[in-house]
Structure formats: C-alpha cells, structure tokens
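Biologist: Hello! I am new to this structure and would love a friendly tour. Could we look at it together?

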Amino acid sequence: KRDQPVAPSRLGILKSAITKLDPITFARKLGFSPDPRQTELLCCNSTSVILNCSRQWGKSTICSLKALHVLMAEKDALAVVVSPSDRQSREFVRKTATFVRKLGFKVRGDGDNDVSLLLPNGSRLIGLPGKESTIRGFSSVSMLLIDEAAQVTDELYKAIRPMRVVSNGGIWMMSTPFGRRGFFWETWSAGGPEWTRIKVPATDC
C-alpha cells in the first residue's frame with residue numbers, strides 16, 4: 001500500500017544508486033548497454049523531446065529507463081505514459097517494473113490506478129490508453145510520455161497537454177512515422193526550436 005514506509009537503509013541505497021549516477025551508468029547498472037544513439041537520448045535533458053525512429057530500435061526501453069531515472073531521483077514525482085491502446089501502456093509499465101526489480105525493490109501498483117507503478121520514494125508511473133475519458137484528473141505531471149505518438153489522435157493530444165502546465169514537466173513523444181499528418185508530424189516538421197529532435201533510421205537499428 002502507498003502508506004507503507006520504506007526502511008531508511010533502503011532509502012539510503014536508493015539515493016546512492018540513483019541520484020549520484022548519470023543516466024548512462026544507471027542504465028548499465030541495470031544490465032543495459034546503450035549504443036551511441038541511445039546514449040544521446042538518455043543524456044538528453046530537454047523538457048521537449050520528439051523521437052522519430054524505426055521499429056525495434058528500443059525506443060520504449062530507452063524512454064522507460066529515462067523515466068525511471070527521473071522518477072527515482074525526485075520524491076513523489078509523477079510520470080504518465082499515454083499510448084494508442086491499453087496493451088501498449090501496460091507494456092511500457094511492465095518494462096519499467098522489470099528495471100525496478102533489478103534495483104532490488106518490490107514491484108507494486110499505486111492502489112488507485114489499474115496500470116501503475118509505485119516506487120519506494122513515493123514517485124509513480126501511470127499508464128493510460130488513448131481514450132480521453134481515462135486521462136482526466138491528472139495534474140502536476142513531472143514527465144508526460146506519448147508512446148507511438150503518430151497514432152494518437154490530435155484530440156487526445158490537446159487533452160493531455162494541460163497535465164504538465166502546473167509542474168512545467170517534460171514531454172517526450174516517441175513513434176515510428178505514420179504519414180504526414182497529425183500533431184506528431186506537425187511537431188517534427190515545424191514544432192519550433194524548443195523541441196529536441198532525434199531521428200533514428202532503420203540503418204541505425
């Protein structure tokens with residue numbers, strides 16, 4: 001349950017293992033060795049990131065590692081991942097849970113949301129399907145992730161953006177291309193200088 005305390009010794013391990021490690025060392029500690037392009041993404045400190053990459057490159061794994069690093073370095077933080085389907089959101093949370101186990105912590109939900117992960121420092125990851133009815137009520141989001149963003153509707157994108165207004169949290173969009181239409185393509189092609197664009201073609205996979 002969310003109100004169960006974490007042993008001080010465990011919190012000490014958490015602090016030394018997470019807040020003092022850069023994202024690359026953190027990933028390697030969890031058994032993942034990033035290639036040069038994956039390293040670029042893990043080291044990115046921009047609050048507005050759009051990743052345009054081929055399939056099977058590992059975008060969900062990399063973004064899962066990045067989100068976990070952010071969440072475990074900040075107490076009571078909230079990250080929300082939105083995907084076109086419930087299955088995709090569950091898969092993202094499942095990948096993150098695998099890394100949490102490798103840190104030696106018990107995997108558990110937050111008690112309020114079906115697809116969720118509660119970390120020892122009170123931070124949470126919540127996975128939502130691409131339906132407007134499921135995303136109301138979330139605010140002060142530290143990190144908003146949109147998986148397979150090219151297939152998320154423009155209406156849903158407009159509905160979830162206010163989640164990060166109060167906290168001025170980061171927004172990360174990742175997807176394979178899906179035609180020259182929609183907010184993902186518009187952001188990639190004309191989103192403005194505030195966006196960090198990372199492109200990974202199939203030849204780099």
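Biologist: Let me start with one residue: is Glu91 buried, partly exposed or exposed?

Modeller: Good place to begin, and please keep in mind that this is a predicted model. Buried would need a relative accessible area under 20%, and exposed would need over 50%. Glu91 has 30% relative accessibility, so the class for Glu91 is partly exposed.

Biologist: Which residue forms a salt bridge with Glu91?

Modeller: Side chains of opposite charge can pair when their charged atoms come close. Here the closest N and O atoms are 2.7 Å apart, and both residues sit in helix H5, 3 residues from each other, about one turn of the helix. The partner is partly exposed, with a relative accessible area of 44%. Its name is Arg94.

Biologist: What span does helix H5 reach from its first C-alpha to its last?

Modeller: Helix H5 covers residues 86-102, which is 17 residues. At 1.5 Å a residue, 24 Å would be expected. The model comes close to that, with a span of 25 Å.

Biologist: Which residues of H5 are buried, and which elements do they pack against?

Modeller: The buried set of H5 consists of Gln88, Ser89, Phe92, Val93, Thr96, Ala97, Phe99 and Val100. These residues pack against one helix and several strands: helix H4 (59-72), strand E2 (78-82), strand E3 (116-118), strand E4 (124-128), strand E5 (143-147) and strand E6 (170-175).

Biologist: Which residue just after H5 takes a positive phi?

Modeller: Look at the stretch just after H5. The phi there is about 95°, and the residue that takes it is Gly104.

Biologist: Stepping back, how many helices and strands does the protein chain have?

Modeller: Reading from the N terminus, the elements run α-α-α-β-α-β-α-β-β-β-α-β-α-β. The totals are 7 helices and 7 strands.

Biologist: What percentage of the residues in the protein chain is buried?

Modeller: The protein chain has 205 residues, and its accessible surface comes to about 10000 Å², with 50% of that belonging to carbon and sulfur atoms. As for the residues themselves, the buried part is 50%.

Biologist: How many salt bridges does the structure hold, counting all of them?

Modeller: The pair Arg94 and Glu91 is one of them, and the side chains of Lys59 and Glu148 meet in another, at 2.9 Å from N to O. The total is 6.

Biologist: Where do Lys59 and Glu148 lie along the chain, and how many residues apart are they?

Modeller: Lys59 is buried, with a relative accessible area of 9%, and Glu148 is buried as well, at 7%. Their salt bridge links distant parts of the chain, with Lys59 in helix H4 and Glu148 in the loop between E5 and H6. The separation is 89 residues.

Biologist: Which residue forms a salt bridge with Arg124?

Modeller: Arg124 is buried, with a relative accessible area of 16%. The closest N and O atoms of the pair are 3.0 Å apart. Arg124 lies in strand E4, while the partner is in the loop between H5 and E3, 14 residues away. That partner, buried at 2% relative accessibility, is Asp110.

Biologist: Is the aromatic pair of Tyr157 and Phe183 stacked or edge-to-face?

Modeller: The structure holds 1 aromatic pair. Its rings are 4.0 Å centre to centre, with 5° between the planes. Planes under 30 degrees apart fall in one class, so the pair counts as stacked.

Biologist: Why does this pair tie together separate parts of the sequence?

Modeller: Tyr157 is buried at 9% relative accessibility, and Phe183 is buried at 5%. Tyr157 lies in helix H6 (residues 154-160) and Phe183 in helix H7 (residues 182-190), so the parts they tie together are apart in sequence by 26 residues.

Biologist: Last one: which helix gives the largest share of the largest nonpolar core?

Modeller: This core has 39 residues, and Leu41, Leu51, Leu65, Leu68, Leu125, Leu145 and Trp172 touch the most other members. Another core, of 24 residues, lies apart from it and has Leu128, Ala150, Phe183 and Phe184 among its members. In the 39-residue core, the largest share is 7 residues, and they come from H4.

Definitions and conventions:
Residues are numbered from 1 along each chain as its sequence is written. This is a predicted model: local features need pLDDT of at least 70, side-chain atom pairs count only at pLDDT 80 or more; totals for chains, interfaces and linings use all residues. Side-chain values use heavy atoms; hydrogens and water are left out. Helices (H or I, at least four residues) and strands (E, at least two) are DSSP runs, numbered from the N terminus. The expected span of a helix is 1.5 Å times one less than its number of residues. Buried means under 20% relative accessible area, exposed over 50%, partly exposed in between (1.4 Å probe, protein chains only). Contact means heavy atoms within 4.5 Å. Accessible areas come from the Shrake-Rupley method with a 1.4 Å probe; for residues, only the protein chains shown count as cover. Rings of Phe, Tyr and Trp (its six-membered ring) pair if their centres lie within 6.5 Å; planes under 30 degrees apart count as stacked, over 60 as edge-to-face and the rest as tilted. A salt bridge is a side-chain nitrogen of Lys or Arg within 4 Å of a carboxyl oxygen of Asp or Glu. A nonpolar core is a set of buried Ala, Val, Leu, Ile, Met, Phe, Trp, Tyr and Cys residues joined through side-chain atoms within 4.5 Å.
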